[in-house]
Amino acid sequence: MKHWLAGLGAVALMGGAPVLEAMAQPSPAAVVTERREGFKAAGDNMTAVAAVARAGGDPRGTVERIAAIQAWFATAGTLFPAGTQQGAAGLDTRALPAIWTDRAGFDAAMAAVQPRLAALREAAASGNVANFQAAVQATGAACGDCHRPYRAR
């Protein structure tokens with residue numbers, strides 16, 4: 001009898017796993033808030049990096065900011081699940097519907113930022129101002145390649 005009850009308990013737990021997993025998922029509003037805050041922080045860091053480039057300053061002090069941007073972009077694309085678009089569940093977001101209708105294009109645009117950020121970080125660490133300035137321009141272009149088709153102004 002004990003074995004039968006233990007088996008029943010195990011089956012109940014296994015069958016209950018999807019319910020527990022669904023309960024652990026963040027709400028669409030929480031996902032939108034997380035991505036909004038993450039992109040704002042990345043943008044603030046990029047603004048500071050670009051200011052150093054415009055001033056012709058020593059880029060080595062920007063390496064930590066660039067690393068933070070890289071860390072954000074490593075997972076940022078996952079914060080656009082179905083149900084987090086404008087109007088879904090009453091959400092207010094600047095993410096355009098093209099993210100969900102052209103997911104492959106969006107994912108490619110997001111992925112294109114990573115090598116640019118790696119080059120930017122390398123240029124910053126080298127201390128070479130001209131290379132750093134060129135890398136800031138290239139990174140900004142990659143950001144724009146995503147903003148134009150996938151983000152409302």
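**A chat about a chain of helices**

Visitor: Hi! What pattern does the chain follow along the sequence?
Guide: Hello! Read along the sequence, this predicted model goes α-α-α-α-α-α. The chain holds six helices and zero strands.

Visitor: How much of the chain counts as buried?
Guide: The chain has 153 residues, and 29% of them count as buried.

Visitor: And what about contacts between residues that sit apart in the sequence?
Guide: Take the contacts with a separation of 6 or more: 71% of them are between residues 24 or more positions apart.

Visitor: Let's pick a helix. How far apart are the end C-alpha atoms of α2?
Guide: They are 40 Å apart. Helix α2 has 28 residues, and at 1.5 Å a residue it should span 40 Å, so the two values agree.

Visitor: Which residues of α2 are buried?
Guide: Val31, Val32, Arg35, Gly38, Ala42, Asn45, Met46, Val49, Ala50 and Ala53.

Visitor: What do those pack against?
Guide: The buried residues of α2 pack against α3, α4, α5 and α6. To help you find one of these, α4 covers 98–101.

Visitor: I see Asn45 in that list. Why does Asn45 count as buried?
Guide: Its relative accessibility is 15%, and buried means under 20%, so Asn45 counts as buried.

Visitor: Which residues is Asn45 in contact with, leaving aside its neighbours within four places in sequence?
Guide: With Arg65, Ala68 and Ile69. Asn45 itself lies in helix α2.

Visitor: What follows α2?
Guide: Gly56 does, and its phi is positive, near 70°.

Visitor: Now α5. How does its reach fit what is expected?
Guide: Helix α5 has 24 residues and reaches 36 Å from its first C-alpha to its last. That is close to the 34 Å expected at 1.5 Å a residue.

Visitor: Which of its residues are buried, in α5 I mean?
Guide: Phe106, Ala109, Met110, Val113, Leu117, Leu120, Ala123 and Ala124. What covers them includes α2, α3, α4 and α6.

Visitor: What comes just after α5?
Guide: Gly127, which takes a positive phi of about 85°.

Visitor: Changing topic: how many disulfides does the structure hold?
Guide: Zero. Cys143, for one, is in no disulfide, and the nearest cysteine sulfur, that of Cys146, is 8.3 Å away.

Visitor: Why is there no bond for Cys146?
Guide: Because the closest cysteine sulfur, in Cys143, is 8.3 Å from the sulfur of Cys146, and that is too far. A disulfide needs the two sulfur atoms within 2.5 Å.

Visitor: Are those two cysteines buried or exposed?
Guide: Cys143 has 18% relative accessibility, so Cys143 counts as buried. Cys146 has 9%, so Cys146 counts as buried too.

Visitor: Last topic, pockets! What is the volume of the largest pocket?
Guide: About 720 Å³.

Visitor: How many residues line the largest pocket, and which lie nearest its centre?
Guide: It is lined by 32 residues, and Phe39, Lys40, Arg94, His147 and Arg151 lie nearest the centre.

Visitor: How do the lining residues divide?
Guide: Into 18 nonpolar, seven polar and seven charged residues.

Visitor: Which helix gives the most to that lining?
Guide: That is α2, with eleven residues. Helices α2 (28–55), α3 (63–75), α5 (103–126) and α6 (129–150) each supply at least two residues of the lining.

Methods: Residues numbered from 1 in each chain as written. Predicted model: local features only at pLDDT ≥ 70, side-chain atom pairs only at ≥ 80, totals over all residues. Heavy atoms only, no water. 1 Å grid on protein atoms, 1.4 Å probe; cavity = no way out; pocket = protein on both sides within 12 Å on 5 of 7 lines; lining within 4 Å. Points joined across faces, edges and corners; volume = space filled by probe spheres on them. Helix = DSSP H or I, 4+ residues; strand = E, 2+ residues; numbered from the N terminus. Nonpolar A, V, L, I, M, F, W, Y, C, P; charged D, E, K, R; others polar. Expected span 1.5 Å × (residues − 1). Buried < 20%, exposed > 50% of the residue type's maximum accessible area, 1.4 Å probe, protein only. Contact = heavy atoms within 4.5 Å.
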